[in-house]
Amino acid sequence: MIYIGCHLSVTDGYEAMGKTMSRFGGNTFAWFTRNPRGGRTKPVCPEDVEALLAHLKKENFGPLAAHGSYTMNLCSAKEETRENGLDMLSKDLERMEMVPGNYYNFHPGAHTGQGTETGIRQIADALNRVLRTDMRTTVLLETMAGKGTEIGGTFEELREIIDRVECPNKMGVCFDTCHTWDAGYDIVDDLDGVLQHFDDVIGLDRLKAVHFNDSKNERGSHKDRHEKLGRGELGMEAMKRIALHPKLEGLPFILETPNDDEGYMEEIRTVKNWMKSG
Ligand code: FE
Ligand code: FE
Ligand code: ZN
């Protein structure tokens with residue numbers, strides 16, 4: 001069994017997200033800790049979070065996976081952008097403590113011409129400035145498509161970041177199926193091999209969440225364009241094999257497919273049907 005859900009807007013508060021997801025038929029979700037493009041945040045209301053936590057417990061939700069801002073780049077060549085990213089990261093992690101025991105996922109960053117080595121070092125340095133041993137959140141690095149100067153298009157790069165972090169037990173990885181495919185990993189014809197490679201390089205114990213997306217582009221395109229389940233280059237059979245793979249059992253699967261509410265409900269239904277029959 002896996003947990004299934006999608007991205008939700010935090011505009012109406014935390015409890016509202018839990019209730020919306022139950023209405024959608026899912027049992028996990030993701031949300032942006034702040035406006036994905038801009039950077040502003042609303043204060044968190046403790047009663048609202050309490051109500052969400054009660055709902056999650058009652059409805060047997062799996063772990064949640066918050067998503068950091070796309071504008072956060074911990075390894076930009078511009079110092080101001082890096083400082084700004086560090087500020088977002090530290091405030092986001094502070095806020096995550098109000099929803100303890102969940103995941104905070106972010107895009108490692110783009111080195112914008114500084115080179116991969118420098119980028120990796122800067123990302124790890126930033127993490128080392130904000131991670132605390134008493135934190136109750138696990139921070140996830142997302143597998144990336146390797147677009148432009150993006151870091152995280154290979155499992156090795158993610159492993160190098162984790163290796164440099166002083167609190168590695170606070171670190172995990174979120175496996176984005178569209179990104180991994182676009183990065184060149186053959187999760188259609190060699191899912192077992194890719195997961196074995198992940199295990200060899202990073203360790204499957206660090207795999208904490210899946211972003212469950214089909215891809216508009218061919219393998220290795222480094223494009224990062226998500227598609228609805230079964231409508232893209234991965235195809236429905238491959239998506240089903242991923243959802244039912246024993247090594248991914250128990251993980252939260254978050255849909256980031258281009259859908260409206262109806263579309264998400266439909267995809268959640270599809271995945272739940274696979275679990276019933278599979
Ligand atoms: Fe992402
Ligand atoms: Fe993703
Ligand atoms: Zn993406």
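**Exercise 1. The zinc site**

Determine how the donor residues of the zinc ion (ligand 3) are spaced in sequence, and which atoms coordinate the ion.

*Solution.* Step 1. Along the sequence, the donors of the zinc ion (ligand 3) show the spacing H-x44-D-x1-H. Step 2. In this predicted model, the coordinating atoms are NE2 of His-179, OD of Asp-224 and NE2 of His-226, at 1.9 to 2.3 Å. Step 3. The burial of two donors can then be assigned with the cut-off for buried residues, under 20% relative accessible area. Asp-224 has a relative accessibility of 17% and therefore counts as buried. His-226 has a relative accessible area of 17%, so His-226 is buried. Step 4. The zinc ion (ligand 3) is separated from the iron ion (ligand 1) by 5.2 Å.

**Exercise 2. The iron site**

Identify the residues that coordinate the iron ion (ligand 1), and state which residue bridges this ion and the iron ion (ligand 2).

*Solution.* Step 1. The iron ion (ligand 1) is coordinated by NE2 of His-67, NE2 of His-107 and OE of Glu-142, at 2.1 to 2.3 Å. Step 2. The spacing of these donors along the chain is H-x39-H-x34-E. Step 3. The bridging residue is Glu-142, and the iron ions (ligand 1 and ligand 2) that it bridges lie 3.1 Å apart. Step 4. His-67 belongs to strand 3 (residues 65-67), whereas His-107 sits in the loop between strand 4 (103-106) and strand 5 (109-110); the pair therefore ties together parts that are 40 residues apart in sequence. Step 5. Both His-67 and His-107 are buried.

**Exercise 3. Two glutamates in loops**

For Glu-256 and Glu-233, establish the location of each residue, decide whether each is buried or partly exposed, and list the contacts outside the neighbours within four places in sequence.

*Solution.* Step 1. Glu-256 occupies the loop between strand 12 (252-255) and helix 9. Its relative accessibility is 11%, so Glu-256 counts as buried. Step 2. Beyond the neighbours within four places in sequence, Glu-256 is in contact with His-7, His-67, Glu-142, Asp-176, His-211, Phe-212, Asn-213, His-226 and Tyr-264. Among these partners are His-67 and Glu-142, which coordinate the iron ion (ligand 1), and His-226, which coordinates the zinc ion (ligand 3). Step 3. Glu-233 is placed in the loop between strand 11 (226-227) and helix 8 (235-243). With 44% relative accessibility, Glu-233 counts as partly exposed. Step 4. Under the same exclusion of neighbours within four places in sequence, Glu-233 is in contact with Trp-181, Val-188, Asp-214, Ser-215, Lys-216, Asn-217 and Glu-218. For Glu-218, which is 15 residues away along the chain, the separation of the C-alpha atoms from Glu-233 is 6.0 Å.

**Exercise 4. Packing of helix 1 and helix 9**

Describe the geometry and the composition of the contact of helix 1 with helix 9.

*Solution.* Step 1. Two packed helices are described by the angle between their axes and the distance between the axes. Step 2. Helix 1 (residues 14-24) and helix 9 (residues 261-277) pack at an angle of about 60°, and their axes are 9 Å apart. Helix 1 is therefore oblique to helix 9. Step 3. From helix 1, Met-21, Arg-23 and Phe-24 meet Asp-261, Tyr-264, Met-265 and Ile-268 of helix 9. Step 4. The residues of this contact comprise five nonpolar, no polar and two charged.

**Exercise 5. Salt bridges**

State how many salt bridges the structure holds, and determine which of the pairs Glu-15 with Lys-19, Arg-159 with Asp-163 and Glu-97 with Arg-136 links distant parts of the chain.

*Solution.* Step 1. The structure holds 10 salt bridges. Step 2. In the bridge of Glu-15 with Lys-19, the closest N and O atoms are 3.4 Å apart. Both residues lie in helix 1, four residues apart, about one turn of the helix. Glu-15 is partly exposed at a relative accessible area of 26%, and Lys-19 is partly exposed at 47%. Step 3. In the bridge of Glu-97 with Arg-136, the closest N and O atoms are 3.2 Å apart. This pair links distant parts of the chain, 39 residues apart: Glu-97 is in the loop between helix 3 (79-96) and strand 4, and Arg-136 is in the loop between helix 4 (116-130) and strand 6 (138-142). Step 4. In the bridge of Arg-159 with Asp-163, the closest N and O atoms are 2.9 Å apart. Both residues lie in helix 5 (residues 155-164), four residues apart, about one turn of the helix. Step 5. Salt bridges that share partners join Arg-34, Asp-92 and Arg-95 into one network.

Key
Residues numbered from 1 in each chain as written. Chains lettered and ligands numbered in written order. Predicted model: local features only at pLDDT ≥ 70, side-chain atom pairs only at ≥ 80, totals over all residues. Heavy atoms only, no water. Donors = N, O, S within 2.8 Å, 3.2 Å for Na, K, Ca; no water. Buried < 20%, exposed > 50% of the residue type's maximum accessible area, 1.4 Å probe, protein only. Contact = heavy atoms within 4.5 Å. Axes fitted to C-alpha atoms, helices over the stretch in contact; angles between N-to-C directions. Parallel < 35°, antiparallel > 145°, perpendicular 65-115°, else oblique. Nonpolar A, V, L, I, M, F, W, Y, C, P; charged D, E, K, R; others polar. Salt bridge = Lys/Arg side-chain N within 4 Å of Asp/Glu carboxyl O.
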